[in-house]
Amino acid sequence: MDTKPHILVNGHTHVRYQENILSQKELLKQSQALYFHLNKRRSVREYADTPVPKEVIETLIKTASTAPSGAHKQPWTFCAVSNPALKSKIREAAEAEEKESYESRMSERWKKDLEPLGTDMHKPFLEIAPWLIIVFKKVHDIDEKGEKTNNYYVNESVGIACGMLITAIHKAGLVTLTHTPSPMNFLAKLLNRPSNERAYLLLPVGYPKSPTYVPDIKRKPLDEVAEFYE
Ligand code: IYR
């Protein structure tokens, strides 16, 4: 058997993948344990103001940044905000957009669909949660010479990274929600982001207020979300 630690592909080093092969019994156990745990995840809108150490947030972001991306360009920036004055400015601007959305931009049908979730234009979590992570997508990059370079499948890549961030936050015992004030360009202005970055998603991160209540939603069963072709 060939057990070289690395090989060359198109002149580039490929290192050996560190495989982690489990027995079928263990495979089932691990996959079920993760499902059981992730099925408890809920979008939480009420937060405790209990601090979360910066190192935890750094680690969560490093985890998200392990996501696969088009041509491994990692076209994302995670902006983590704990500064109270900045959080207040974000809340003020987000609520101004949300007011406009709830009062005139969103259709009656859309608002009806949101009724069971109990959302409205008020976003106190933007000030109460100890951290806000604002995820920016990089529509292109800029090299050392100031020239534009390409990124690929940017929305897919950043969406996957956000999914991994949400998973990491839940696994750490913290909570979040996917907040999408729309339009989101006020975030690039408030955070002084360069012209190649666009706000993609805002995730408050913290401990849940206790007690807090979440809508009694049901998830679709497997046969409604999957088709098998065997
Ligand atoms: N962006 C608004 C509205 C909203 C839209 C959807 I779709 C939701 O699932 C929840 C809320 C807000 O954040 O309130």
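The following dialogue examines pockets, aromatic contacts and salt bridges in a predicted model.

Trainee: Which helix gives the most to the lining of the largest pocket?

Mentor: The largest pocket holds about 310 Å³ of space, and 18 residues line it. Helices α3 (84-105) and α4 (108-114) each supply at least two residues of that lining. With four residues, the helix that gives the most is α3.

Trainee: Which residues lie nearest the centre of the largest pocket?

Mentor: By class, the lining of this pocket divides into eight nonpolar, six polar and four charged residues. Of the 18 lining residues, those nearest the centre are Glu-98, Tyr-102, Trp-110, Leu-114 and Thr-180.

Trainee: How many charged residues does the lining of the second largest pocket have?

Mentor: The second largest pocket has a volume of about 240 Å³. Its lining comprises 16 residues, and the closest to its centre are Arg-45, Glu-46, Leu-117, Gly-118 and Thr-119. By class, this lining has seven nonpolar residues, five polar residues and, for the charged class, four.

Trainee: Why is the pair of Tyr-47 and Phe-125 classed as tilted?

Mentor: A search of the whole structure finds two aromatic pairs. In the pair of Tyr-47 and Phe-125, the ring centres are 6.4 Å apart and the planes stand at 50°. Planes under 30 degrees apart would count as stacked and those over 60 as edge-to-face. The angle lies in neither range, so the pair is tilted.

Trainee: How many residues apart are the two members of this pair, Tyr-47 and Phe-125?

Mentor: Tyr-47 and Phe-125 are both buried. Tyr-47 belongs to the loop between α1 (24-38) and α2 (54-64), whereas Phe-125 is in helix α5 (residues 125-128). The pair thus links distant parts of the chain, and the separation in residues is 78.

Trainee: What is the angle between the planes of Trp-76 and Phe-78?

Mentor: Trp-76 and Phe-78 are both buried. They form a tilted aromatic pair, with 6.4 Å from centre to centre and an angle between the planes of 50°.

Trainee: Which residue lies over the face of Phe-136?

Mentor: A charge counts as sitting over a ring only within 6 Å of the ring centre. The residue in question is placed at 5.8 Å from the centre of the Phe-136 ring, and it is Arg-193.

Trainee: Is Lys-29 buried or exposed?

Mentor: Lys-29 forms a salt bridge with Glu-26 (3.7 Å, N to O). Both residues lie in helix α1, three residues apart, about one turn of the helix. Glu-26 is partly exposed at 27% relative accessibility. Lys-29 has 54% relative accessibility, and therefore counts as exposed.

Trainee: Which residue forms a salt bridge with Lys-111?

Mentor: The partner is three residues away in helix α4, and therefore about one helical turn from Lys-111. The bridge spans 3.5 Å from N to O, and the partner is Glu-108.

Trainee: How far apart are the closest N and O atoms of Arg-16 and Glu-19?

Mentor: Arg-16 is partly exposed at 39% relative accessibility, and Glu-19 is partly exposed at 45%. They form a salt bridge, in which the closest N and O atoms are separated by 3.4 Å.

Trainee: Where is Ser-195 found?

Mentor: Ser-195 has 61% relative accessibility and therefore counts as exposed. Its C-alpha is 9.2 Å from that of Val-139, although the two are 56 residues apart in sequence. Ser-195 is found in the loop between α7 (185-190) and β7 (197-205).

Conventions:
Residues are numbered from 1 along each chain as its sequence is written. This is a predicted model: local features need pLDDT of at least 70, side-chain atom pairs count only at pLDDT 80 or more; totals for chains, interfaces and linings use all residues. Side-chain values use heavy atoms; hydrogens and water are left out. Buried means under 20% relative accessible area, exposed over 50%, partly exposed in between (1.4 Å probe, protein chains only). On a 1 Å grid over the protein atoms alone, a cavity is a set of points where a 1.4 Å probe fits but cannot get out, and a pocket is an open set with protein on both sides within 12 Å along at least five of seven lines; lining residues have an atom within 4 Å of a point. Grid points are joined across faces, edges and corners, and a volume is the space filled by probe spheres set on the points. Ala, Val, Leu, Ile, Met, Phe, Trp, Tyr, Cys and Pro count as nonpolar, Asp, Glu, Lys and Arg as charged, and the others, Gly among them, as polar. Rings of Phe, Tyr and Trp (its six-membered ring) pair if their centres lie within 6.5 Å; planes under 30 degrees apart count as stacked, over 60 as edge-to-face and the rest as tilted. A charge sits over a ring if NZ of Lys or CZ of Arg is within 6 Å of the ring centre and within 35 degrees of the ring normal. A salt bridge is a side-chain nitrogen of Lys or Arg within 4 Å of a carboxyl oxygen of Asp or Glu.
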